[in-house]
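Student: I have a new structure to look at and I would like to learn how to read it. Could you take me through it step by step?

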Amino acid sequence: MKSFLIRCYPSRWRDRYGDEFEAILDERPLGPFDVADILLAAIDAHLHLRGIDAASNHTRGFMMSLRIGGSAAILGGVLFLAGLVASSIDQSDEGASPWAAFLFAGTAALLLALIGLSSFQARRHPRLIWTAFAVPALGTAVSCIGIVGMAVVGDRSLIADFSPWEIWIFGIFATVLGSALFAVATYQTRALSRRAAALLATGSIVLVAILVVGMTGIVPAVVGDAGVVTSVLMLAGLLAFAAGWIALGWTALRLERPTAAAA
Amino acid sequence: MEAKLPEFGRFAEPSLLILVSLSDGPKHGYAIMQDVEQGTGRPMGAGTLYAALARLEERGLVEPLTPVDRRRPYRLTAVGATMLAEQLRGLSKFAQRGLRQLGETRP
């Protein structure tokens, strides 16, 4: 038990404090409190030492996160737009459309973008950013269930009278909602382009509103003129959503460029 | 004063207790734990002790001495002593104000 507890600490820590720490553990009987205390302190040592090591590499790590996040935002925006537009046009009822996989890949890329581009915002709005990450993370998992469900059971109910398509749409809704929260946090912190954040926020809010109307049936029939208006709004929202993500990704990559050149 | 104990996060209180324990002379880890436990009536885990000691050492408030067997004593540095005095004066003022207020509000 004692050697296991000591091995829980990072090697650098063990090199410095290992002998004297072991001496203390030899002198003192260990209870559950001590074990919990040591395990928590070992986690702290890992985080603490990583912080020290990371200090010199901080800039490099941040630039890498901007590069990955920026690229993922651009890729996600393109895939999400292509996937959603194509799957709306493709009316075939033969299980999951291949475009759904496009959309799923786009959703996953946007999730990666959210992680890579949220370091500034998380300092000022940690709860908002965690929610902005958790909601689309859940949405990606739900989308995945929906896509698999469409391939396996088609239009039949999958979970609690919801068809795989409805489950899939629910996942998309979560991704768009998370994007709206991220856009608000980005706009407030001015971490990246405010125009891009505003564009993303506008597109996300329009899409959220349309999806809420569609899912809840608040407006009974979206037909005739109302249907045209909804379609136009949907397309405009989708374009703004994709353009917002692409612009945020672009500004992140441009932020990264001068420092990389100087290095 | 560069380092402030509140910067130590959840290890601020254990760090203060360790500094107080070392204020009457060098001690090794186990002796610090016993001293703190006798002084406060509360146990201090070995994990907490070394997490706090590492921070105190990193900020130059305590320094390690040559180990005897596997036991390594630590002592307060001059900066550590100044910091401790400052912290204790602050706490003393706070305690006196609290006691005064308590006296005023009592019937």
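Student: What percentage of the 263 residues in chain A do buried residues make up?

Tutor: Let us begin by noting that this is a predicted model. Buried means under 20% relative accessible area. In chain A, 43% of the 263 residues are buried. For chain B, the share is 39% of 107 residues.

Student: How many helices and strands does chain A have?

Tutor: Here you look for stretches of regular backbone and list them in order. Chain A has nine helices and zero strands, so its pattern along the sequence is simply α-α-α-α-α-α-α-α-α.

Student: And what is the order of the elements in chain B, from the N terminus on?

Tutor: Chain B mixes both kinds, with four helices and three strands. Starting at the N terminus, the order is α-β-α-α-β-β-α.

Student: What share of the contacts in chain A between residues at least 6 apart in sequence join residues at least 24 apart?

Tutor: The idea is to ask how far along the sequence the partners of a contact lie. Take the contacts between residues at least 6 apart in sequence: in chain A, 75% of them join residues at least 24 apart. The corresponding figure for chain B is 52%.

Student: How much accessible surface does each chain have, and what part belongs to carbon and sulfur atoms?

Tutor: Chain A exposes about 13,800 Å², and carbon and sulfur atoms supply 68% of that. For chain B the accessible surface is about 6,100 Å², with 53% belonging to carbon and sulfur atoms.

Student: Which residues form a nonpolar patch on the surface?

Tutor: A patch is a group, so read its members together. A:Met1, A:Phe4 and A:Leu39 form one, and their accessible area together is about 300 Å². One of them, A:Met1, sits in the segment before α1 (2-7) of chain A.

Student: Why does A:Met1 count as exposed?

Tutor: Exposed means over 50% relative accessible area. A:Met1 counts as exposed because its relative accessibility is 60%.

Student: Is B:Tyr30 buried or exposed?

Tutor: Apply the cut-off of under 20% for buried residues. B:Tyr30 has 16% relative accessibility, so it counts as buried. This residue lies in helix α2 (residues 29-40) of chain B.

Student: Which residues is B:Tyr30 in contact with, leaving aside its neighbours within four places in sequence?

Tutor: Its partners come from both chains: A:Ile24, A:Glu27, A:Arg28 and B:Arg71. You can also compare backbone positions: the C-alpha atoms of B:Tyr30 and B:Leu49 are 9.2 Å apart, although 19 residues separate them along the chain.

Student: How many cavities of 30 Å³ or more are there in the whole structure?

Tutor: A search finds two. The largest has a volume of about 60 Å³. Its lining has 11 residues, and those closest to the centre are A:Trp13, A:Asp44, A:Ala45, A:His48 and B:Ala54. The elements giving two or more residues to this lining are α3 (32-89) of chain A and α3 (46-58) of chain B. With five residues, α3(A) supplies the largest share.

Student: What lines the second largest pocket?

Tutor: For a pocket, start with volume and then turn to the lining. The second largest pocket has a volume of about 240 Å³. It is lined by 14 residues, and B:Pro14, B:Arg42, B:Pro43, B:Met44 and B:Thr48 lie nearest its centre. At least two lining residues each come from α3 of chain A and from α1 (12-22) and α2 of chain B. The biggest contributor is α1(B), with three residues.

Note on methods. Residues are numbered from 1 along each chain as its sequence is written. Chains are lettered from A and ligands numbered from 1 in the order in which they are written. This is a predicted model: local features need pLDDT of at least 70, side-chain atom pairs count only at pLDDT 80 or more; totals for chains, interfaces and linings use all residues. Side-chain values use heavy atoms; hydrogens and water are left out. Buried means under 20% relative accessible area, exposed over 50%, partly exposed in between (1.4 Å probe, protein chains only). Contact means heavy atoms within 4.5 Å. Accessible areas come from the Shrake-Rupley method with a 1.4 Å probe; for residues, only the protein chains shown count as cover. Patches are made of residues with over 30% relative accessible area and no salt bridge: like charges are joined within 9 Å, nonpolar side chains (Val, Leu, Ile, Met, Phe, Trp, Tyr) within 5 Å. A salt bridge is a side-chain nitrogen of Lys or Arg within 4 Å of a carboxyl oxygen of Asp or Glu. On a 1 Å grid over the protein atoms alone, a cavity is a set of points where a 1.4 Å probe fits but cannot get out, and a pocket is an open set with protein on both sides within 12 Å along at least five of seven lines; lining residues have an atom within 4 Å of a point. Grid points are joined across faces, edges and corners, and a volume is the space filled by probe spheres set on the points.
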